[in-house]
Amino acid sequence: MQLFLNNTKTRTKEAFIPINNNLVKMYVCGPTVYDHPHIGNGRSVIIYDILYRMLIHLFGKEQVVYVRNITDVDDKIIDRAMELQISIEALTKQTTKDFHEDMAYLQCLSPNIEPIATEHIDCMIEIIQKLIALEVAYITDDHVYFDITRSIDYTELSGRTIDEMIYNVRVAADESKKHPGDFVLWKPMAGTDISANFDSPWGRGRPGWHIECSAMSHKYLGENFDIHGGGADLIFPHHTNEIAQSKCAFPGSNFANYWVHNGFLTVNGEKMSKSLGNFITVRDLIIKGVDGDTIRLALLGAHYHKPLDFNDHTLANATKMLNYWYRAVEGVSCDSLSEVPLDFIASLLDDMNTPLAIKIINDYAKLTYLSTTDSEKKLNASSLLACARFIGLMKKSATTWFKHDINDEAIISLINQRTQAKKDKNWQLADQIRMQLLQQGVVLADKADGTTDWWYTR
């Protein structure tokens, strides 16, 4: 069996050939812990969870090392702690706990190693010292900067010129820089919170964002490893700068061989933004009672490196599909599941084609419904469950999935009241009823001709 991945660095789909079959290494950029993870963050974690599961399937659990960091020192963290009037330590500990709870709700496996940035300051300082000694970094105005003109193939990952990259992504201007694109490795002290500042040869301060991942990946995976993952928004500047500083600090290093990036997520066709009022966190959906399976399936509905638009219909379709699957296996005794079917595995081997994998699960559900004998039904149901559970779905029993204590007649009555309120242009009452239903775990699907569908969340 051969895994193929879309490699951002070469812009081609390539056969995945690890450096060492006995120890496959993957690093994924983790959260900056200043707020609850949004659904875009959730999508990214789920994608690399699927890749981790595939690597385990191919090479064995003991032969795969998956590292995902926690960034707990950052200007956003400092600003958020000041806004909430709490310590940085209190903020980062609580937000890290919330992140773990949210990702567990989405059925994501924990990485093997989850290094915390503030516990690796010494590793960062060591690499910065190497870069200064090699004259690819320089000290000015209490800052240490990396000189991008000394980097070989600085534009390789993005495929854009330096001017294009700097123009499209805001880069901090500073007259003390040798080049406008030079990025910070160390910066001076900010605020008075001791947990945000550390002693260094260049004075008390804190690391730049990019050096954190270079230091932690190097400590746990070495100078060369197999896969580096993250969102497409990290290609520049974060991943571009990681490559530059790591390859310069360790001459001859290739850093990561395969760069895997998941696509952007929009909400109702627009970029997610608090100012637009369409910013959705995983916790928002949990509070509304949306089941983790529903969220996970919705976020796997588009190919990982393509954009995904998230909206009420996305959730509705995921819920309907899960209902269809659970109804198919309801009452079927599957004490031991069959091997995961080869056609399903083949879909994931082809650059993690989750839309095709979902279609195959749906096909097994159809076969289960059409089965004419108990043994045939059991075989198809077993294949369905084996596939679904392989990608982290359908861990519940059908009985648990369908259990609810909501009165259908009461829901229909509220929907009718809301329909009348909209006819009367009483938008406030219509919104109140919608929120009332959401709190009960009922989502409405509005169309031009009114509310034509509704569904339970779990």
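**Entry 1: helix 1 and helix 11**

I began with the residues that join two helices in this predicted model, and I noted that Ile50, Met54, His57 and Leu58 in helix 1 meet Ile345, Leu348 and Leu349 in helix 11. Sorting this contact by class, I counted six nonpolar residues, one polar residue and no charged ones.

I then looked up how the two helices are placed, and found that the axes of helix 1 (residues 39-59) and helix 11 (residues 342-349) come within 11 Å and cross at roughly 120°. Because angles of 65 to 115 degrees count as roughly perpendicular and those over 145 as roughly antiparallel, I wrote helix 1 down as oblique to helix 11. For the handedness, I recorded that helix 1 passes helix 11 in a left-handed crossing.

**Entry 2: His228**

I went next to strand 9 (residues 224-231), where His228 is found. Is His228 buried or exposed? I have it as buried, since its relative accessible area is 0% and the cut-off for buried is under 20%.

With which side chain does the side chain of His228 make a polar contact? The partner I found is the side chain of Glu242, at 2.9 Å. Setting aside neighbours within four places in sequence, I listed the residues in contact with His228, among them Tyr27, Cys29, His239, Phe255, Trp259 and Val260.

**Entry 3: Phe16**

I looked up Phe16 and placed it in the loop between strand 2 (12-15) and strand 3 (24-28). Although Phe16 sits in a loop, I noted that it is buried, with a relative accessible area of 4%.

I also compared sequence with space, and found Phe16 and Asp226 to be 210 residues apart along the chain and 8.8 Å apart from C-alpha to C-alpha. Asp226 is also one of the residues in contact with Phe16 once neighbours within four places in sequence are left aside, and that list further includes Gln2, Leu3, Leu55, Phe59, Ile227 and Tyr258. I marked Tyr258 in my notes, as Tyr258 is in contact with Phe16 and also with His228.

**Entry 4: Arg327**

My last look was at helix 10 (residues 312-329), in which Arg327 lies. At 41% relative accessibility, I entered Arg327 as partly exposed.

Which residues does Arg327 contact, leaving aside its neighbours within four places in sequence? I found Tyr369 and Phe402. For a separation in sequence and space, I noted that Arg327 and Arg11 are 316 residues apart in sequence and 42 Å apart from C-alpha to C-alpha.

Conventions: Residues are numbered from 1 along each chain as its sequence is written. This is a predicted model: local features need pLDDT of at least 70, side-chain atom pairs count only at pLDDT 80 or more; totals for chains, interfaces and linings use all residues. Side-chain values use heavy atoms; hydrogens and water are left out. Axes are lines fitted to C-alpha atoms, for helices over the stretch in contact, and angles run from 0 to 180 degrees between N-to-C directions. Helices (H or I, at least four residues) and strands (E, at least two) are DSSP runs, numbered from the N terminus. Angles under 35 degrees count as roughly parallel, over 145 as roughly antiparallel, 65 to 115 as roughly perpendicular and the rest as oblique. A crossing is left-handed if the near helix is turned anticlockwise from the far one by less than a right angle, and right-handed if clockwise. Contact means heavy atoms within 4.5 Å. Ala, Val, Leu, Ile, Met, Phe, Trp, Tyr, Cys and Pro count as nonpolar, Asp, Glu, Lys and Arg as charged, and the others, Gly among them, as polar. Buried means under 20% relative accessible area, exposed over 50%, partly exposed in between (1.4 Å probe, protein chains only). A polar contact is a pair of N or O atoms within 3.5 Å; within protein, one must be able to donate a hydrogen and the other to accept it, and residues adjacent in sequence count only if both atoms are side-chain atoms.
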